[in-house]
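Please work through the following exercises with the coordinates open, and try each task before reading its solution.

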Amino acid sequence: MLLRSITRSSSPDSTSLFFRFFRQFPRSYISRSSSASALGISGRNTRLLSTPEDAGRQLFLRRGFRLLSAASGGLNGQLSRLSVRAFATQPAPSYTGQDEAEKLGFEKAREEFISECKSKAVLFRHKKTGCEVMSVSNDDENKVFGVVFRTPPKDSTGIPHILEHSVLCGSRKYPLKEPFVELLKGSLHTFLNAFTYPDRTCYPVASTNTKDFYNLVDVYLDAVFFPKCVDDVHTFQQEGWHYELNDPSEDISYKGVVFNEMKGVYSQPDNILGRITQQATYQALCPENTYGVDSGGDPKDIPKLTFEKFKEFHRQHYHPSNARIWFYGDDDPVHRLRVLSEYLDMFDTSPVRDSSKIEPQKLFSGPRRIVEKYPAGGDGDIKKKHMVCLNWLLSDKPLDLQTQLALGFLDHLMLGTPASPLRKILLESGLGEALVNSGVEDELLHPQFSVGLKGVSDDNVQKVEELIMDTLRKLADEGFDTDAVEASMNSIEFSLRENNTGSFPRGLSLMLQSIAKWIYDMDPFEPLKYEEPLKSLKARIAEEGSKAVFSPLIEKFILNNPHCVTIEMQPYPEKASQEEVEERNILEKVKASMTEEDLSELARATEELRLKQETPDPPEALKCVPCLNLSDIPKEPTYVPTEVGDINGVKVLRHDLFTNDILYTEVVFDMGAVKNELLPLVPLFCQSLLEMGTQDLTFVQLNQLIGRKTGGISVYPFTSSVWGRDDPSSRIIVRGKSMVGRAEDLFNLMNCVLQEVRFTDQQRFKQFVSQSRARMENRLRGSGQGIAAARMDAMLNVAGWISEQMGGLSYLEFLHTLEQKVDQDWEGISSSLEEIRQSLLSRNGCIVNMTADGKSLTSTEKYVGKFLDLLPDKPSGGLVTCDARLPLRNEAIVIPTQVNYVGKAGNIYSSGYELDGSSYVISKHISNTWLWDRVRVSGGAYGGFCDFDSHSGVFSFLSYRDPNLLKTLDIYDGTGDFLRGLDVDEDTLTKAIIGTIGDVDSYQLSDAKGYSSLLRHLLNVTDEERQIRRGEILSTSLKDFKEFAEAVDSIKDKGVTVAVASQEDIDAANKERSNFFEVKKAL
């Protein structure tokens, strides 16, 4: 999956704040796959498919549900707002293995105790190669390993990205097609992936099981240093690119996983802007600067890459002398070095450490302007689809830690919350729909600041640029509101105290922060030590005032900085089809240049590659990949301590867990009384609660008050089918967190948000609608598989229909209509928002969930009681019956894209299937074998997978950035035959079971444990049922696979298909299979 700098969000929020300074996730190509559990995904067991809004949804096995949230404070936001601090509750002991280290060939360069993460960090240098190793020891059981190479490209052929894919396709000790996939199948990993940055490539793994952890480490070390791909052109062709010709009479096409991945990237306007921003901001006096090209690969340039250059790049850069290696956790630090020495001792030193250095970019002498076109949909007023972004390279020299912290703080003050002045003024101007590409980027050699708008009319582009500069000047002249500064400071300190990385391993967050300096030969310890710079910054603000601190930063780094690049993106509806024609012309010329013998040879080579891709590894080869035994797996699930009681007649769930003096709470309201026609308004209702004011407080004051007193409040809808019940569970969840000593403030502010906010600000609501539409359109382009899945669910069950009304294509269509209606009938809309509130708020059906230590839970009860006493006894109106579904049909949703998202689904309960835990093992195995090999490896899609929502019975097939359409559907339909013909040995079955248990037992922090327990309660998932399903998982047999084929066949015969695809591909499909799809144009 391409995840390019999550933190540069178009909708920054209060949880992002500090983390623009402490980078939490790379501007990178996350090109392999973490397991569903590692990314915290439940309902969509994705491979290469995770979006920030998917994070934190692990519930019970993979019984899927839908969780709609634009809210920032929940688990939904944890992947996109990852912390970067490591975790340890006790100080780590002093390192005592110096003699052992010397014997193993390492010298200690430096040792420090990092109080911020209560860890002992030792920097070693391997004497023979010069490889540096950071060994961080503490009591965190979630152990992390990573090896990072400096890999600056000189062109946009995507060498680092393709190599990152390829090295995990077999190695010296593990000569399989893809050991990586075997690890996905049979490991308890909490993280398993690889990242390609513009200038480096990272290979991290994590696991709480020590034996499993070192299995992962060994496979990764062998993969990066001794990969098969440098001797196997087929791997290069598969992962990178190749000509494909099935028959000499047919047309030649390009295929390759990275090629199609990047086609998807270059189909998304926001991504295109991001790439142009990076390249234009750096490309100047030194055109060969690595940041002036695309390390991921431009689809136009990828076919220029040769196998010889590919091999040479590995030889030059994948050497210990060019590596930085990271260990973190509670494992034996001496054993770490013992494992490394076995690999590093095989190498001598290399000059690559010097030759791979990143050259600094000199600042421009004056501003520059670039105008580019992007592929836009033809619907609507095309003149109102411009984007404009201003970008500054902040310095050509490294910044000290205190300046970096101050700039991160400034970034949050200007853009980090809905009340932040630069963000607020831009959005309230009416000049654009949403922020784009905005914020500080500090993960590369030079920090960069950008701010822009999308959805801009062509005649307003200049006005946007002027407004940005005028607002920045005003902020420099007048400074920031005292309450805003206090709110930001409280949010930062709360985040430091909370130390919450969600489902992302804390040690990996720490590694990414350290490597951001280390990779440039700077101090790897410095980024981990923030206490003194933060203390100093607070003191400066207290003594000199915030204006004296932040105004000089705005003036120096932005207003008086000549290195400013303005980028205007102009919509061009024909661009996508034009690029397809250009590609087709190139391929036609290639074919015309070939003789009949050449064409026959190409067809033979195509078939040879396909045969190799689709031939499984022999059982004896699979045995070389290390794997746990079933005896290593606990027979019982992890239980969360849960006490069910009541306060003032309202059910309260209490989870006695250590939370470092933080209270996490959820208040849940039943949506059963909300009218069906009001459902599409619910997400906007939730946003309005947090971003409109009360009678006494403006929304800015309310936002600042929440920031000053709490760790954040969020409100969002949750909908799921419930196993064994016809009616769904549909709720509004209000989530909040604060220090225990601020619990009274937290519940008072929750009450204020729920009951005192007034729905009277017409212009702000209109902004919400425009922002939501822009987000949905971006999601449709970048995560079309999610739109397809929601659409199919809406055809197959009520819960799916409700969710699709609030977050699918129906919701996008509603937003288009609502934009006009806001001006025509604001009074009616305001009244509807109030009706939703009256239908929700009630003690009747309310549930309160709290997670903290026992003493804190007891001390908080009185504030909960006061909060509940203020709620109405019953909602207005009665229970609304809902039995709606979209009509069953095959549907194609047209968007401007170069790749497709293809789905097919059916309800297997309707065909007579009865739930058994083996279904989780089987569906995971289908994803990791049949669909991986046929849709991704052979078909060239970036991802192919299946998901079983055992709450509803819906079994779905989905593909991601897929060059095919009908071919992929044929693969889905062949799944039953695949299962019937399956012959798995005991080792393969054991791996499948262990991998499934890894998903079930995904690593969770305390807040996630309490939240997951709440969701299980809402969906009637008991601990007894969890134990039954676990037993069924552990006893899964080959017979279960064979029997499941019949259930899958029902999807082939009775399922529905939804594809998000280009007009050209849909027309071709309907021509091949007469009127197979009903067509809807979305963009």
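The exercises below concern a sheet, a helix and two single residues.

The structure is a predicted model, in which local features need pLDDT of at least 70 and side-chain atom pairs count only at pLDDT 80 or more, while totals for chains, interfaces and linings use all residues. Residues are numbered from 1 along each chain as its sequence is written, and side-chain values use heavy atoms, with hydrogens and water left out.

**Exercise 1.** Determine the strand order of the open sheet of 6 strands and identify its edge strands.

*Solution.* Taking helices (H or I, at least four residues) and strands (E, at least two) as DSSP runs numbered from the N terminus, and calling two strands paired if DSSP finds at least two bridges between them, one reads the order β28-β29-β27-β30-β26-β31, with mixed pairing. The edge strands, each pairing on one side only, are β28 (943-949) and β31 (1078-1081). At the latter edge, β26 (residues 891-894) pairs with β31 in the parallel sense over 4 bridges, and Glu891 stands opposite Glu1078 in β31. Finally, helix α37 (residues 1063-1072) lies across β26, β30 (1056-1061) and β31, where contact means heavy atoms within 4.5 Å. This helix runs at about 155° to β26, given that axes are lines fitted to C-alpha atoms, for helices over the stretch in contact, and angles run from 0 to 180 degrees between N-to-C directions.

**Exercise 2.** Compare the span of helix α9 with its expected value, and decide whether α9 is mostly covered or uncovered.

*Solution.* The expected span is 1.5 Å times one less than the number of residues; for the 12 residues of α9 (residues 333-344) this gives 16 Å, which agrees with end C-alpha atoms 16 Å apart. As for burial (under 20% relative accessible area, exposed being over 50% and partly exposed in between, with a 1.4 Å probe and protein chains only), 9 of the 12 residues of α9 are buried, and the helix is mostly covered. Among them are Pro333, Arg336 and Tyr343. At the N-terminal end, Asp332 caps α9 through a side-chain oxygen 3.0 Å from the backbone nitrogen of Val334.

**Exercise 3.** Is Gly146 buried or exposed, and which residues is Gly146 in contact with beyond its neighbours within four places in sequence?

*Solution.* Gly146, in strand β7 (residues 143-150), has a relative accessible area of 0% and is therefore buried. Its contacts, those neighbours set aside, are Tyr203, Pro204, Arg324, Ile325, Trp326 and Met511. Gly146 and Phe327, 181 residues apart in sequence, are 6.8 Å apart in space, C-alpha to C-alpha.

**Exercise 4.** Locate Gln1004 and classify its burial.

*Solution.* Gln1004 lies in the loop between α33 (986-1000) and α34 (1006-1018), and counts as buried because its relative accessibility is 18%.

Definitions and conventions: A polar contact is a pair of N or O atoms within 3.5 Å; within protein, one must be able to donate a hydrogen and the other to accept it, and residues adjacent in sequence count only if both atoms are side-chain atoms.
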